[in-house]
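Thanks for coming. I will put the structure up now, and then go through it one region at a time.

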Amino acid sequence: MAPEAKVGSLEVSAYTVPTDSPESDGTLEWDSTTMILVEVSGGGERGFGYTYGDVSVGTFVESKLRSVAEGSDAMSPPAVWKEMHSAIRNAGRPGVGAMAVSAVDIALWDLKAKLLGLPLADVLPRFHERVPVYGSGGFTSYTLERLQEQLGGWASEGIPRVKMKVGREPEEDPERVRAAREAIGDGVELLVDANGAYSRKQALYWAGWFAGEGITYLEEPVSSEDREGMRMLRDHGPAGLAIAAGEYEWTLPQLFDLAGCVDILQADVTRCGGITSLLRADGICKGRQIPFSAHCAPAVSAHACCAMETLLHLEYFHDHVRIERMLFDGTLEPEGGCLRPDPSRPGLGLELRRDAAEKYSV
């Protein structure tokens, strides 16, 4: 019988962690990442949820969502999710609003699983025991030596697919791609991500070039806002090169619309509305008959993705892996190219390393 518990307090904190070196992709440069952490209590347990964004996300949680979550039924995260969306209707659902809802929703699911004494993957409608991952980094700011070290390192650890950034200086990408292939060998799948850096004609050209180099996956060749361009590349790009996008979609209607334009749909559990939304994205993929690939936040996504029938793989992103290891105990390590939730740890299996986190507090 499920325990009866109400959500007690909701607390918000934010931590900005510098990158281990300057990073860039096809359209952005950064030197730090901020995690906004939500903690909810109830029934003697504490649930954690988070997103990666601006500190303003924390203010949004406190001003619009705290009153919705506190006092709610800890066994019914989807009901609270619905109320949160109602509460932010006039404040703005995309962007900051969606990230705020995501962080609270994840915390509520973590709390529920801890109250039940089960890993979150077992509380959700599990399809998979483990989640295939791909190593993701390969930033355009890296030297060739660093690029080879990182991607080759993942390959040597048994991760059978890796992804690198392209598109900032396209004329340099042939050398970078060939250096990456040299480091990982022929038996490891190579994926590339342009982060919307190309025009449509550029994207068609580079899609052909990448396919000729044995690359099987091209993420966001044009901006995901360019639905017509994305659909054109899916329909007229080279065979064997999958077009993927979705990390910047904030709502289920946006994901549904984009799913009609790509070979592989992505979503980020910390952006799209949390675990409650991510499970519904699985239904979108099932209806469209396309696979799903999860974007980042592996400590959360590993549990959520176990419940997704259409799952292809999860992005094991360098920045998020590093931050989650620094701030939490209980993070997962890849085994045989997969993440497997720990059956001995309830919820997400995470505990905040408060002393370690404090020096990054903002």
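**Notes on a predicted model**

C296 counts as buried, because its relative accessibility is 2%. Before I say where C296 sits, please keep in mind that this is a predicted model. The place of C296 is the loop between β10 and α11. Its phi is near 65°, which is a positive value in a residue other than glycine.

There is another residue to set beside it. Q289 has a positive phi of about 60°, and Q289 is not a glycine either. You will find Q289 in the loop between α10, residues 274-288, and β10, residues 292-294. Is Q289 buried or exposed? Q289 counts as exposed, because its relative accessibility is 64%. To put the two together: C296 is buried at 2%, and Q289 is exposed at 64%.

Next, the cavities. How many cavities of 30 Å³ or more does the count give? The count comes to three. I will speak about the largest cavity, which has a volume of about 70 Å³. Its lining consists of P298, A299, Y316, V321, E324, R325, T331, L332, E333 and L339. By type, that lining divides into six nonpolar residues, one polar residue and three charged residues.

Which helices each supply at least two residues of this lining? They are α11, residues 298-305, and α12, residues 318-327. The largest share comes from α12, with three residues.

Let me stay with α12 for a moment. The helix is mostly covered, with seven of its 10 residues buried. The buried ones are H318, D319, H320, V321, I323, E324 and L327. Two names on that list, V321 and E324, we have already met in the cavity lining. A general remark on helices fits here. An α-helix has 3.6 residues a turn, so residues three or four places apart point the same way.

From L327 in α12 we can step across to D355. These two are 28 residues apart in sequence, and their C-alpha atoms are 8.9 Å apart in space. D355 lies in helix α13, residues 354-358. While L327 is buried, D355 is exposed, because its relative accessible area is 74%.

Now please turn to the sheet. This is an open sheet of three strands in the order β1-β2-β3, with antiparallel pairing. Its edge strands are β1 and β3, each of which pairs on one side only. From one strand to the next, the twist averages 25°. As general background, strands of a sheet pair through backbone hydrogen bonds, either parallel or antiparallel.

I will take the pairs in turn. Strand β1, residues 10-24, is joined to β2 by 11 bridges, and the two run antiparallel. They form a hairpin with four residues between them. S24 stands opposite E29 in β2.

On the other side, eight bridges join β2 to β3, residues 45-52, and this pair also runs antiparallel. β2 and β3 form a hairpin as well, with two residues between them. G43, in that turn, has a positive phi of about 60°. What is the bridge partner of V38 in β3? The partner is G49. Y52 in β3 stands opposite M35.

How covered is β2 itself? The strand spans residues 29-42, and 11 of its 14 residues are buried, which makes β2 mostly covered. Helix α1, residues 56-69, lies across β1, β2 and β3. The helix runs at about 150° to β1.

One last residue, K114. K114 lies in helix α3, residues 96-116. Is K114 buried or exposed? K114 counts as buried, because its relative accessibility is 7%, and the cut-off for buried is under 20%. Which residues is K114 in contact with, leaving aside its neighbours within four places in sequence? They are E45, R46, G47, F48, P346, G347, L350 and E351. E45, R46, G47 and F48 take us back to the sheet, since they fall within the β3 range of residues 45-52.

That is where I will stop. If you would like to see one of these regions again, tell me which, and I will bring it back up on the screen.

Notes:
Residues numbered from 1 in each chain as written. Predicted model: local features only at pLDDT ≥ 70, side-chain atom pairs only at ≥ 80, totals over all residues. Heavy atoms only, no water. 1 Å grid on protein atoms, 1.4 Å probe; cavity = no way out; pocket = protein on both sides within 12 Å on 5 of 7 lines; lining within 4 Å. Points joined across faces, edges and corners; volume = space filled by probe spheres on them. Nonpolar A, V, L, I, M, F, W, Y, C, P; charged D, E, K, R; others polar. Buried < 20%, exposed > 50% of the residue type's maximum accessible area, 1.4 Å probe, protein only. Pairing = 2+ DSSP bridges. Axes fitted to C-alpha atoms, helices over the stretch in contact; angles between N-to-C directions. Contact = heavy atoms within 4.5 Å.
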